[in-house]
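I sat down with this model and a fresh notebook page. Here is what I looked up, entry by entry.

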Amino acid sequence: MAAIQGGAERRAQVLSFLFSDIEGSTRLLQRCGSTFATALSLHHAVLTDVIGTNGGVVRRIEGDSFFATFDSASAAVRAAVDAQRALKSQGWPDDCVIEVRIGIHTGETIVVGTEFVGLDVHRAARIMSVGWGGQILISGATAALLPTMDGVSLHDLGEHRLKDLTEPERLYQIAAADLRSDFPAPRTAGAVVNNLPTQLSSFIGREREAADVATLLERARLVTLTGPGGTGKTRLSLQVATDVADEYPDGVFFVPLAPVADPALVFSVVATTLGLRPPGHQTPLDLVSEHLQSRRALLVLDNFEQVLAAGIELSKLLGAAPAVRVLVSSRAALRLSGEQEYPVPPLPLPAPDDDLEAVAATAAVTLFVTRAAGVQPGFELTSENTAAIAEITRRLDGLPLAIELAAARVKLLGVNAIAARLSDALNLLSSGARDLPHRQRTLRGAVGWSHDLLDAGARRLFARCSVFRGGVDLDHLLTVCEPDLGGDCFDLLEELVDHSLMRRVEQDSGVRFSMLETIREYAAEQLRDGGEEQAVRQRHRAVYLALAEEAAPRLTGENSGMWLDRLERDHDNFRAALRYAVEGNDPATALRLVATLWRMWQIRGHLHEGRRSAELALAMPGADNWPAQLAAAYEAAGGIAYWQGDLSRALPLYTRALALYRSQGDQACVARATYNLAFSHGYDDPQRAAEYFEQALAAYQALGDELGAAKAHWGLSTTCFWVGDYDAMQHHAQLCVPVFRRAGATFDLAWSLHMAGLAAFAHGEHESARSMFTEALDLFLTSSDASGLYLVLANFALLSEASDQPERALRLLGAAARLGDETGVGLLEPQIDRYPRTKHAEDAFDAATVQALRAEGYAMSRDEAVAYMREG
């Protein structure tokens, strides 16, 4: 290794600073073992050689990190490129391949002995730290000093905030032949959390609009992009969100509202997007407002036009969260105070007398040519096709979606045929409704033209697919759409995908198919006009009712997590099925959907939506004509109210369910309804609750239902808990646990372990309690049961108190409080007040310390809280 050189003291010297280190050196050391030392020596030799060869001086080596200085920016960059090339071609021992990240900045420093002092030195180190192995990053200052260098170019990565530095730094990536260039975004300390979908196509022709909207967002907290379907509002909003993301340190969140038809559900979807559990007693709006009230975040709400009534709630959110901004795409303005509307214009078009160069420069033509080249490699603008392409874009009025649909047909028809057919289609559809905006009629013509290219069977399939919301699995698509289709469904579906009228989406669960919302609306019109709407909707709700009824008995068993995920994946279709049932005057289906979906709503935190859906179904005309289904829906509605902690509402619902079951003579249902009714008395009247549980136990035993009897014993253990009879509580819990375990009833097992653990704790059996609480935790996590996790956090706080860890106990109680606030499961708080606490963590500290420790726990995410719980 070459000697490290220092120097005498100098002041205000301007140098280019190069920092490097090995990416993932600790992991390499663990993987390579003793071989890593050999690889490290090779790395040191390469770096030392190229730095010296290019006139640099190695100032410091610490482990695998180098610090060197150069008299010029070009020498530093040349050394970095040579280093990456040499490292790439180096033969590494036993595949112990080393990748190095390099950062360069040019600035001023003071040399004190052998130390280089100054903010610019730190800036260079920070630039290196955000890079990736194999990457060279340089600052704007270095880039400005670089002369033209053969084989070297710069890629502008934009401004990024670096750790501990107040001002952002514009970063550039060095690109050179033989070096990798496809790196992720720099790992800057201010990287913004976001769920913005990755855009697979280039952003064309909207640069000015993107800049305009970004400027408006600086002045207005609510900006609405308006225009008819197909103008590119969504794509523009995503680009703007990407461009301004660094200004929102608390996140940028894309909320697609196309599948949501009910304005009351908008903030349930927003809450889910933010990772919040839609609450029970707390409205989704209040939950979102509370979460965002002190955060600087950007919400991107897409397809707001069908939920305009939710604008009032959006206004309330903006009032409650002063640092939040909202970017909306909608076909109509929201007409709210403070709203800044931005009508999205069509893409600029070529003039009839433009020459080839002028035509090529217009955004509409660029978009067409780019998308056409995507389906027909090698396609380009030529003197032969310029007139036809210009005519197509003009006929389509510069609407991006229409242009893309036309470009998708290049491979089949060619541009001249497209221009001719499009002209005919537009003339045919020009007599559309006069109250529609002109551009919407144009888009209707473009989609109609694409639709008219399909054969009769594909058109029928296209129309039928409009009933699905949020995508559909192939099996369900076939069941709903295949009858009397007039062709092979697989071939026809492939035709729709090829014509860009359906999208095929790969997910972890398998392949799903979906439509762009604008196209779905057109397809829905075709379904109505074709006279098949009611029949197809009926098949749709039958399919999803069957799925819900198949899943319902499995939502509390061994594979509950898989079945709950399955229902969540089609939540939009269940919402649609319920709406179709209401609009189709089908109370039986609506009631059955409520009865079978309520447990998913409870476990996965959709209690607010579940309550609204239950009330809607129960209020339907003719519901009384279906007593069996009505009883089940009353029972489901009672369960929802119970988990919300609204026992005054649960009591009459459970009572009606029991009365209906008795009138029908269904003894199994009577037993279950009696068991449920007991819970509505709960902690208010435990003696009366115990009487109902005893009645349910007798009924289950008469039926020979061992699992039902075990549930009744578990219910009795809860009443014993309320009155502090821990001997009886332990007796009942020990009776039910083995039954649930044998039956694979994981939901019931987890809750019975919770009660059994509390009984064991009350008897001083702390390790036994810990074992049961841990098993319950694992079961609750498997099904993502938030209410169960809430109580287990409190259980582990109880153990921490008993083991003289009051700080830990208070943090866990704080984490439990947050989860309770997020889920809104109000019935749980009184249980914690009755816990058999041998010590009180609050007594160990003053009030300020207690509050601070609880706040630390409240700040934990769910995953952090679980990890902290397991540590103890």
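**Largest cavity.** I asked which helix gives the most to the lining of the largest cavity. H36 does, with four residues. Helices here (H or I, at least four residues) and strands (E, at least two) are DSSP runs, numbered from the N terminus. I worked on a 1 Å grid over the protein atoms alone, where a cavity is a set of points that a 1.4 Å probe fits but cannot leave, and lining residues have an atom within 4 Å of a point. The volume of the largest cavity came out at about 70 Å³, where a volume is the space filled by probe spheres set on the grid points, joined across faces, edges and corners. Its lining is made of Leu793, Ala815, Arg818, Leu819, Glu822, Met860, Ser861, Arg862 and Ala865. Two elements, helix H36 (806-823) and helix H39 (862-871), give two or more residues each to that lining. I sorted the lining by class and got five nonpolar, one polar and three charged residues. For the classes, Ala, Val, Leu, Ile, Met, Phe, Trp, Tyr, Cys and Pro count as nonpolar, Asp, Glu, Lys and Arg as charged, and the others, Gly among them, as polar. The structure holds six cavities of 30 Å³ or more.

**Ground rules.** I noted that this is a predicted model, so local features need pLDDT of at least 70 and side-chain atom pairs count only at pLDDT 80 or more, while totals for chains, interfaces and linings use all residues. Residues are numbered from 1 along each chain as its sequence is written, and side-chain values use heavy atoms, with hydrogens and water left out.

**Second largest pocket.** A pocket is an open set of points with protein on both sides within 12 Å along at least five of seven lines. I found about 1,300 Å³ of space in the second largest one. It is lined by 50 residues, and Trp598, Arg599, Arg672, Asn676 and Lys711 are the closest to its centre. Elements giving two or more residues to this lining include helix H25 (587-603), helix H29 (667-681) and helix H31 (706-723). H31 has the largest share, eight residues. By class I counted 32 nonpolar, eleven polar and seven charged residues in the lining.

**Cysteines.** How many disulfides are there by the rule of cysteine sulfur atoms within 2.5 Å? I got one. Cysteine 32 is joined to cysteine 96, S to S 2.3 Å. The two sit 64 residues apart, with cysteine 32 in helix H1 (residues 25-32) and cysteine 96 in the loop between helix H3 (73-89) and strand E4 (100-112). The torsion about their S-S bond is about 110 degrees, so this disulfide is right-handed. Both cysteine 32 and cysteine 96 are buried, meaning under 20% relative accessible area, with exposed over 50% and partly exposed in between (1.4 Å probe, protein chains only).

I then checked why cysteine 465 has no bond to cysteine 481. Their sulfurs are 4.1 Å apart, too far for a bond. Cysteine 465 counts as buried at 3% relative accessibility, and cysteine 481 is buried at 0%.

**Helices H19 and H14.** Cysteine 481 led me to helix H19 (residues 474-481), where His476, Leu477, Leu478, Val480 and Cys481 are buried. Their cover includes helix H18 (456-464), helix H20 (489-498) and helix H22 (533-551). In helix H14 (residues 400-407), seven of the eight residues are buried, so H14 is largely enclosed by the rest of the structure. The buried ones are Pro400, Leu401, Ala402, Ile403, Leu405, Ala406 and Ala407.

**Serine 153.** Is serine 153 in strand E7 (residues 152-160) buried or partly exposed? I make it partly exposed, at 40% relative accessibility. Beyond its neighbours within four places in sequence, serine 153 is in contact (heavy atoms within 4.5 Å) with Gln173, Ile174 and Ala175. Alanine 175 is 22 residues away in sequence, yet 5.1 Å away C-alpha to C-alpha.

**Whole chain.** I counted 39 helices and 16 strands. The C-alpha trace spans about 90 × 80 × 55 Å along its principal axes. Of the 872 residues, 55% are buried.

Definitions and conventions
A disulfide is a pair of cysteine sulfur atoms within 2.5 Å.
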